[in-house]
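Trainee: I am new to reading structures, and I learn best by staying with one part for a while. Please take me on a close look at an enclosed space inside the protein and what surrounds it.

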Amino acid sequence: KGGAMSPMCAMNTPRTRARRQAVPRADSASGDGGNSPGEARVREAMDELDRRLSIGSPGAVDVVEDHDDEEEMIDVSITNDREGDDANFRIDDDDDGGGGEDPPSGVVGGIPPPPLCKPDGNRVRNDRPPSCPDTDEEENLLLLDEVRKDVIRTHPDLRFFLEPADNLGQKRYAALERILFVWAKLNKGVRYVQGMNEIVGTLYFVLAQDSDESWSRHAEADTYFLFNALMVEIRDVFMAELDEADTGIHGRISNMITLLSLHDPEVRCHLDEVGIDPSFYSVRWLTTLLSREFLLPDTVRLWDSMFASTHKDNFLRYVSVTMVMVIRDRLLAGDFSACLRLLQAYPPPDLDMLLESSRALWIYESQVTLACHKGGISLGHALRSIPPPPSIVMAYGLHAGRAPPVSRQVREAGERLGRSSAAGASSVASAGRSMLGSAMSFLRGNSR
């Protein structure tokens with residue numbers, strides 16, 4: 001058939017016998033041709049087409065009329081035979097006898113789509129209106145650029161990502177880019193956030209180093225699968241709209257600081273006094289799962305324990321609080337810059353001791369809470385009754401979690417009371433002397 005019929009321009013009536021007859025151009029028709037009913041309808045169709053497409057003069061028009069003695073049918077379709085704004089229009093019938101060339105590639109409904117333009121006016125592809133920017137392509141480029149900037153900073157001192165042989169280092173970085181880019185495109189509610197690259201880089205390193213080559217060759221696909229499974233549990237940390245929720249980043253920071261205040265209020269108060277906001281260090285700790293605070297072997301050891309835990313959020317919270325308490329003496333002796341440096345560049349720890357201390361703190365807190373709630377005893381009684389594990393650093397404001405004996409507590413309470421009484425008596429005496437001095441001055445003034 002000829003070009004596909006444009007639904008907005010075609011005027012169809014049933015026909016019984018088809019016959020084609022050439023009709024002169026509308027703008028150069030002879031007097032006889034201009035008075036025929038068929039050409040009047042052709043002119044109406046062309047006027048309607050010009051009005052709807054707003055293209056002005058159509059240029060050369062080849063008109064073919066299909067009619068019989070009773071009923072007629074005129075189809076109008078457009079083909080664009082060359083680039084530019086000049087178009088050749090053909091009015092043709094819809095029978096099987098031909099009557100025009102096939103429309104060019106990309107023409108839908110007989111009308112070629114106008115070229116797509118970027119904001120700078122350059123054509124990029126011919127599939128969207130000219131006023132519509134190429135948002136998908138630009139979005140992909142921006143996302144890839146954002147991912148790439150972080151990927152090249154992932155473990156920059158690790159030879160695994162710097163290996164020059166066969167350009168393996170760059171290929172491994174490219175694998176991280178693909179994983180993060182594809183995941184971000186498939187999870188637009190979360191998208192890519194800085195810190196994900198550290199998680200993916202660590203997972204990929206472990207899987208690609210597998211001694212079984214049949215496993216290591218699929219490291220990229222396995223990394224994507226594990227990363228996606230992990231993000232199901234921690235994705236709220238990366239979603240801005242959930243920042244204030246308990247599972248969001250601010251909620252988790254608040255829970256961590258609440259735990260620190262419970263077990264080491266002295267350090268918490270000192271950090272507040274020197275001006276250390278918890279977000280200065282805890283955002284990175286929680287979003288990267290502590291992967292930037294330790295050497296890679298220690299991170300792998302830490303993650304083994306975390307993935308084995310039934311509650312990763314609690315695990316990370318207790319480890320983070322224990323990290324602060326382990327360096328409490330250095331923090332209490334430091335000012336703003338010293339404390340910030342310690343927390344943002346954490347000194348290499350004894351990781352086994354750190355994990356054991358955090359686990360002991362969680363167990364001890366659970367025992368004390370259960371004794372208070374189920375046993376109906378006071379906190380002080382529970383602390384004196386339940387011996388703390390030896391690996392605890394601080395618990396409930398007590399060194400090693402050990403409550404002092406009752407006799408010592410009574411003696412210390414008496415000393416505090418005595419000091420407060422002495423201070424009160426001294427204040428009263430001072431106030432009396434001040435009043436007496438004022439009275440004497442008043443009397444001397446009157447006597448004169």
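Mentor: Happy to! A cavity is a set of points on a 1 Å grid over the protein atoms alone where a 1.4 Å probe fits but cannot get out, and its lining residues have an atom within 4 Å of a point. Please keep in mind that this is a predicted model: local features need pLDDT of at least 70, side-chain atom pairs count only at pLDDT 80 or more, and totals for chains, interfaces and linings use all residues. Residues are numbered from 1 along each chain as its sequence is written, and side-chain values use heavy atoms, with hydrogens and water left out.

Now to our cavity. The structure holds one cavity of 30 Å³ or more, and about 40 Å³ of space lies in the largest cavity; a volume here is the space filled by probe spheres set on the grid points, which are joined across faces, edges and corners.

Look for its lining in your view: Ile257, Leu260, Arg268, Leu271, Asp272, Ile276, Asp277, Pro278 and Tyr281. Helix 8 (249-263) and helix 9 (265-274) each supply at least two residues of this lining, and helix 9 gives the most, with three. Helices are DSSP runs (H or I, at least four residues), numbered from the N terminus. By class, the lining has six nonpolar, no polar and three charged residues. Ala, Val, Leu, Ile, Met, Phe, Trp, Tyr, Cys and Pro count as nonpolar, Asp, Glu, Lys and Arg as charged, and the others, Gly among them, as polar.

Tyr281 leads us outward from the cavity lining. Tyr281 is also among the residues with the most contacts inside the largest nonpolar core, which has 81 residues. Such a core is a set of buried (under 20% relative accessible area, 1.4 Å probe, protein chains only) Ala, Val, Leu, Ile, Met, Phe, Trp, Tyr and Cys residues joined through side-chain atoms within 4.5 Å. Helix 15 (residues 351-375) gives the most to this core, with nine residues.

Met196 is another of the residues with the most contacts in the core. Setting aside neighbours within four places in sequence, Met196 is in contact (heavy atoms within 4.5 Å) with Leu180, Trp183, Val190, Arg191, Phe227, Met231 and Phe238. Phe227, in turn, is itself listed among the core residues with the most contacts. So you can start at the cavity lining, find Tyr281 there, and follow Tyr281 into the largest nonpolar core.

Technical notes. Buried < 20%, exposed > 50% of the residue type's maximum accessible area, 1.4 Å probe, protein only. 1 Å grid on protein atoms, 1.4 Å probe; cavity = no way out; pocket = protein on both sides within 12 Å on 5 of 7 lines; lining within 4 Å.
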